[in-house]
Amino acid sequence: MNLEIFINDQRQVFNHRMTLSALVETLALPDVGCVVSINNTIIPKSQWPSYQLNSGDQISLFQAIAGG
């Protein structure tokens with residue numbers, strides 16, 4: 001089963017299902033300061049290990065930036 005998702009409006013296809021944690025690891029994203037919204041809903045970091053991605057999910061990734 002292929003998993004087709006859209007990350008920041010870019011189509012990505014994986015050849016297996018995965019959790020949000022696995023996606024973050026696959027993309028080598030930092031796990032500190034990263035915010036993820038799936039289908040316009042922010043997913044708390046505590047749910048990442050159990051949150052199963054589904055084909056068609058619209059994922060927005062945000063990186064917190066410090067500034068002044």
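**Questions on a predicted fold**

Biologist: Why is Ala28 called exposed?

Modeller: Ala28 has a relative accessible area of 64%. The cut-off for exposed is over 50%. The value passes, so Ala28 counts as exposed. Keep in mind that this is a predicted model.

Biologist: Where is Ala28 found?

Modeller: Ala28 lies in the loop between α1 (20-26) and β3.

Biologist: What makes the phi of Ala28 worth a remark?

Modeller: The sign. Phi is positive at Ala28, about 55°, although the residue is not a glycine. Most residues other than glycine have a negative phi. Asn39 is another case: its phi is positive, about 50°, and it is not a glycine either. Asn39 sits in the loop between β3 and β4.

Biologist: Is Asn39 buried, partly exposed or exposed?

Modeller: Asn39 has a relative accessible area of 37%. Buried needs under 20% and exposed needs over 50%. The value falls in between, so Asn39 is partly exposed.

Biologist: Now the sheet. In what order do the strands lie?

Modeller: The order is β2-β1-β5-β3-β4. These 5 strands form an open sheet with mixed pairing.

Biologist: What makes β2 and β4 edge strands?

Modeller: Each of them pairs on one side only. β2 covers residues 10-14 and β4 covers 41-42.

Biologist: How do you know that β1 and β2 pair?

Modeller: Pairing takes at least two bridges. β1 and β2 are joined by 5 bridges, so they pass. The two strands run antiparallel. Ile7 stands opposite Gln10, and Glu4 stands opposite Val13. The two strands form a hairpin with 2 residues between them. Asn8, in that turn, has a positive phi of about 50°.

Biologist: And how do you know that β1 and β5 pair?

Modeller: They share 2 bridges. The requirement is at least two, so the pair qualifies. The sense here is parallel. In β5, Ile59 stands opposite Ile7, and Gln58 is the bridge partner of Phe6.

Biologist: What joins β3 to β5?

Modeller: 5 bridges, with the strands antiparallel. Val36 has Leu61 as its bridge partner in β5. Val35 stands opposite Phe62.

Biologist: Which residues form the covered face of strand β1?

Modeller: Leu3, Ile5 and Ile7. Glu4 and Phe6 form the uncovered face. In a regular strand the side chains alternate between the two faces of the sheet.

Biologist: Why is the contact between Glu4 and Arg11 called a salt bridge?

Modeller: Their side chains meet at 2.4 Å, N to O. The limit is 4 Å from a Lys or Arg nitrogen to an Asp or Glu carboxyl oxygen, so the contact qualifies. The structure holds 1 salt bridge.

Biologist: How do the two partners, Glu4 and Arg11, rank for exposure?

Modeller: Arg11, at 54% relative accessibility, is over the 50% mark, so it counts as exposed. Glu4, at 29%, lies between 20% and 50%, so it is partly exposed.

Biologist: Why is Ser37 called buried?

Modeller: Ser37 has a relative accessible area of 9%. Buried means under 20%, so the label fits. Ser37 is placed in strand β3 (residues 34-38).

Biologist: Which residues does Ser37 touch, not counting those up to four places away in sequence?

Modeller: Ile42, Gln58, Ile59, Ser60 and Phe62.

Biologist: What makes the approach of Ser37 to Thr41 a polar contact?

Modeller: The Ser37 side chain reaches the backbone nitrogen of Thr41 at 3.4 Å. The limit for such a pair is within 3.5 Å, so the distance passes.

Biologist: Why does Phe62 count as partly exposed?

Modeller: Phe62 has 45% relative accessibility. Exposed starts over 50% and buried lies under 20%, so Phe62 falls in between. The residue is in strand β5 (residues 58-63).

Biologist: What makes Phe62 eligible for a nonpolar surface patch?

Modeller: Patch residues need over 30% relative accessible area. Phe62 has 45%, so it clears that bar. Val35, Ile42 and Phe62 together make a patch of about 270 Å².

Notes
Residues numbered from 1 in each chain as written. Predicted model: local features only at pLDDT ≥ 70, side-chain atom pairs only at ≥ 80, totals over all residues. Heavy atoms only, no water. Patch = residues over 30% accessible without salt bridge, like charges linked within 9 Å, V, L, I, M, F, W, Y side chains within 5 Å. Areas by Shrake-Rupley, 256 points an atom, 1.4 Å probe, with all protein chains shown as cover. Helix = DSSP H or I, 4+ residues; strand = E, 2+ residues; numbered from the N terminus. Buried < 20%, exposed > 50% of the residue type's maximum accessible area, 1.4 Å probe, protein only. Polar contact = N/O pair within 3.5 Å; in protein donor to acceptor, adjacent residues only side chain to side chain. Contact = heavy atoms within 4.5 Å.
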